[in-house]
Structures are given as structure tokens and as C-alpha cells.
Amino acid sequence: MDAQSPKVAVFDTKPYDREYLAAAEGSDAVQWTFHEFRLMAENAQIVAGANSVCVFVNDVVDAEALGILADCGVKHIGLRCAGFNNVDLHAAEARGIAVTRVPNYSPYAVAEHTVGLLLCLNRKIHRAYNRVREFNFSLNGLVGFDLHGKTAGIVGTGKIGRILAGIFRGFGMRVIAMDPYPDPTWAADAGVEYASLEDLLCASDVVSLHVPLTPETHHIVNEKTLALMKPGVVLLNVSRGALIHTKALIDALKSGHVGGVALDVYEEEEGVFFEDLSGLVLEDDELARLLTFPNVLITAHQAFMTREAMEEISRVTVGNILRAARDEDFLEQTKL
Ligand code: NAD
């Protein structure tokens with residue numbers, strides 16, 4: 001390490017972030033400062049002296065925070081995730097800050113977790129696990145349904161949606177999909193049919209969301225679109241919490257219209273997911289309500305968390321940091 005080594009402030013650091021970032025090639029050439037708290041305008045000043053800032057999904061990198069970071073001399077925001085809805089890209093560009101992410105670490109990790117959630121929820125494995133550990137070997141209430149022959153609707157056929165489509169096809173499911181940029185060649189090869197969102201929602205037994213969070217996709221699942229879904233539909237969201245209007249979802253669960261929900265993300269997950277809050281009072285009433293339904297399964301944003309994904313996230317993030325420190329025209333090269 002020398003005086004030229006980039007100085008990097010890492011936010012929302014967990015022990016596994018340190019472990020994988022430290023093990024990545026090139027990591028020794030970086031001067032790391034790890035913060036356990038999330039970045040926001042109120043604490044952005046702490047980065048003074050850093051060249052890059054490394055953030056995750058719930059850091060708040062809005063125009064105000066970016067202004068402070070720019071004044072502190074930060075030239076680069078390195079997201080160690082794929083989604084970038086928490087960064088104001090226009091403000092970053094205006095302040096001459098390059099933004100990088102890890103667009104493609106392991107779509108398999110996320111697609112496989114989605115399938116894990118569906119199988120667990122449908123076959124009630126989480127409930128069976130608890131019962132058997134208490135020597136309750138009763139099967140009452142554990143009836144699921146065959147996935148074979150059912151219809152899966154995939155909203156968003158990017159990297160993750162396509163892998164999930166392949167897995168569902170392997171189960172013998174009919175797969176229909178919706179994407180504003182359809183790929184008919186892929187669909188024909190994969191045995192997937194494209195449809196409108198409305199037709200997809202009306203026809204699917206399982207609906208899975210794989211779109212980024214944008215103004216267009218915000219609350220794409222709402223009172224109106226929930227009403228279009230088949231009674232008993234199973235809804236999966238491992239993408240971003242605000243794709244679903246939580247209040248409308250709770251109403252649809254209470255009425256019995258929705259048969260099951262598996263979530264890896266939640267609209268108000270910031271400050272809750274990734275934290276150990278056991279022993280504290282859960283202040284979020286909607287999350288608390290969701291957790292009371294026997295047919296709701298929630299994991300705390302862990303779909304990305306495989307060894308392969310963590311290694312790739314760290315490798316690409318460290319590479320981005322080193323390039324940002326080296327290349328004069330890095331800002332131009334990194335428009336997201
Ligand atoms: P991707 O960019 O490869 O694919 C996204 C797809 O969504 C694209 O094909 C795009 O055309 C489509 N799309 C955009 N707007 C749409 C709309 N209004 N309706 C339908 N489709 C639309 O992204 P990806 O790698 O497949 O990831 C998808 C999302 O998964 C990410 O944006 C991220 O939010 C989320 N994610 C979650 C985790 C996790 O750990 N839970 C991990 C990685 C990614």
C-alpha cells in the first residue's frame with residue numbers, strides 16, 4: 001500500500017462484507033474504512049478524505065448526500081449490489097461522481113432462492129420443520145400443490161427472470177412472461193410465451209417479480225393488479241420491496257384472494273432487514289401483520305447470498321474501486 005492507494009469508506013458493513021472484500025484480488029491495495037451504519041446525508045461528512053464510497057441496497061445516496069460526498073472529494077460510488085434505485089444518478093453525474101455496481105454477480109443465487117421460497121411455502125416445509133423438532137409428526141394442514149402443469153408468470157425477463165423461467169420449465173410448468181423489451185428468440189428456445197401484464201396476472205398460478213424498482217414499476221402489484229390475479233395465487237418478490245403496495249397485499253391476504261406470499265424484500269426494509277432486532281419491539285405494523293399470516297414466508301434480503309455471489313461482488317467492487325482511482329475518464333465509462 002502506498003500514498004496513492006485509494007481510500008474507501010464502506011457503509012452498512014457486516015462481518016461477511018469485510019471477509020469477502022478483504023479476500024478479493026487487489027484488496028491489499030485499498031485503504032479501507034468500515035462503517036457499520038448506513039450512509040445518509042446526516043452522516044456523509046464522515047467520508048472526508050475518501051476517494052470512493054462503497055454502499056449497499058439500503059444506503060441513502062440521494063442528492064443531498066451526494067452534494068456532501070462531492071464536497072468531501074469523493075469521486076466514485078461503488079455499489080456492491082445490482083439494483084441502484086437508492087442512488088440519485090442525475091445528482092451524481094451533476095457532481096462529477098462516477099457510479100458503478102455489480103450488475104451480474106450470480107443471477108443463479110437469486111433465482112435459486114426464489115425457487116427455494118416457493119417450494120418451502122407451497123409444501124409448508126418451514127412449518128413441518130418446526131413440528132418435527134417438537135415430535136409433532138402430524139401432517140394436518142400441510143397439503144400443497146404440484147407445480148407440474150401449473151402456470152408461472154414471470155414479470156421481467158432479464159438475467160434472473162430467465163434463469164427462473166428455465167427452472168420452472170424443468171418442473172414441467174407453463175411459463176408466461178412480460179417485459180417491455182421482450183426477447184422472442186430466447187422465449188422460443190426456452191418454451192416461454194410473452195403476454196401483456198394483464199393476461200399474465202389473469203392466467204398465472206404463481207407470479208414472480210424480477211424487474212428493477214423504477215417509477216414505472218413502483219407498486220406494480222397494487223389493489224387493481226392483485227384483483228386481476230387468480231384466487232389462490234402465490235406471489236413471489238425477491239426484487240425490491242416497493243414493487244408491492246404492502247397495504248393492498250395485506251388486504252388481499254386477509255380476504256383469502258392471495259393464497260401465499262414469499263418475500264425476500266420489503267417496502268420498508270431499511271433499518272430492519274440485515275439487523276438483529278430480536279428482543280426489541282418491532283415498530284413496523286405492516287411487517288408485523290405480514291409475519292402473522294401462516295401463508296407468508298419472509299427472508300431478509302438474502303437471495304444474493306451464496307459463496308459464488310459474494311466472491312464475485314467483492315471481485316468486481318474492488319476492481320471498480322481500483323479503476324476509479326486509476327482512470328482519468330472513469331466517469332465517462334461508467335454511465336449506468
Ligand atoms: P436485469 O436488468 O437483468 O433484468 C430486469 C428486467 O426487467 C429487464 O429485462 C427489463 O427490461 C425488465 N423490466 C424493466 N421494467 C419493466 C417493467 N415495467 N415491466 C416488466 N419488466 C420490466 O436485472 P436482474 O439481474 O434480473 O435483477 C432484477 C432485480 O432483482 C434487480 O433490479 C434487483 O432489484 C433485484 N435483485 C435482488 C437481489 C436480492 O438479493 N434479493 C439480488 C439481485 C437483484
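Buried here means under 20% relative accessible area. Keep that cut-off in mind as we walk through this predicted model. F274 has a relative accessible area of 16%, so this phenylalanine counts as buried.

**Two residues with an unusual backbone**

F274 sits in the loop between strand 11 (258–263) and helix 11 (285–290). Its backbone is worth a look too: F274 has a positive phi of about 80 degrees, although it is not a glycine. H219 is another non-glycine residue with a positive phi, here about 55 degrees. You will find H219 in the loop between strand 9 and helix 9.

That loop, running between strand 9 (206–209) and helix 9 (223–228), also holds V221. Is V221 buried or exposed? With a relative accessible area of 3%, V221 is buried. If you want a feel for distances in the model, take V221 and Q4: they are 217 residues apart in sequence, and their C-alpha atoms are 48 Å apart in space.

**The two sheets**

Let's turn to the strands. One open sheet has 5 strands in the order 2-1-3-4-5, and the pairing is parallel. Its edges are strand 2 (31–34) and strand 5 (98–100), each of which pairs on one side only. On average, neighbouring strands in this sheet are turned by 20 degrees against each other, direction ignored. Inside the sheet, strand 1 (residues 7–10) runs parallel to strand 3 (residues 52–55), and the two are joined over 3 bridges. To find this pairing on screen, look for A9, which stands opposite V53 in strand 3.

There is also an open sheet of 7 strands, again with parallel pairing, in the order 8-7-6-9-10-11-12. Here the edge strands are strand 8 (192–194) and strand 12 (296–298), with each pairing on one side only. The average turn between neighbouring strands of this sheet is 20 degrees, direction ignored. Strand 8 pairs with strand 7 (residues 174–178) in the parallel sense, over 3 bridges. A handy marker is A177, whose bridge partner in strand 8 is Y194.

**Pocket and cavities**

Now for the empty space. The largest pocket has a volume of about 1,000 Å³. Which of its 42 lining residues are closest to the centre? They are H210, V211, P212, L213 and S239. Two elements give two or more residues to this lining, namely helix 4 (107–123) and helix 6 (159–170). Helix 6 has the largest share, with 3 residues.

As for closed spaces, a search of the whole structure turns up 3 cavities of 30 Å³ or more. The largest cavity encloses about 70 Å³. Its lining is made up of Y16, D17, Y20, L21, F56, R80, F304, M310, I313 and S314. Helix 1 (15–23) and helix 12 (307–326) are the elements that give two or more residues to that lining. Which element gives the most? Helix 1 does, with 4 residues.

Here is how the two linings divide by residue class.

| Lining | Nonpolar | Polar | Charged |
|---|---|---|---|
| Largest pocket | 22 residues | 13 residues | 7 residues |
| Largest cavity | 7 residues | 1 residue | 2 residues |

**Cysteines**

How many disulfides does the structure hold? The count is 0. A disulfide needs two cysteine sulfur atoms within 2.5 Å. For C81, the closest cysteine sulfur belongs to C54, and because it is 8.9 Å away, that is too far for a bond. C81 is also a buried residue, since its relative accessible area is 3%. C120 has 17% relative accessibility, so this cysteine counts as buried as well.

Note on methods: Residues are numbered from 1 along each chain as its sequence is written. This is a predicted model: local features need pLDDT of at least 70, side-chain atom pairs count only at pLDDT 80 or more; totals for chains, interfaces and linings use all residues. Side-chain values use heavy atoms; hydrogens and water are left out. Buried means under 20% relative accessible area, exposed over 50%, partly exposed in between (1.4 Å probe, protein chains only). On a 1 Å grid over the protein atoms alone, a cavity is a set of points where a 1.4 Å probe fits but cannot get out, and a pocket is an open set with protein on both sides within 12 Å along at least five of seven lines; lining residues have an atom within 4 Å of a point. Grid points are joined across faces, edges and corners, and a volume is the space filled by probe spheres set on the points. Ala, Val, Leu, Ile, Met, Phe, Trp, Tyr, Cys and Pro count as nonpolar, Asp, Glu, Lys and Arg as charged, and the others, Gly among them, as polar. Two strands pair if DSSP finds at least two bridges between them. Axes are lines fitted to C-alpha atoms, for helices over the stretch in contact, and angles run from 0 to 180 degrees between N-to-C directions.
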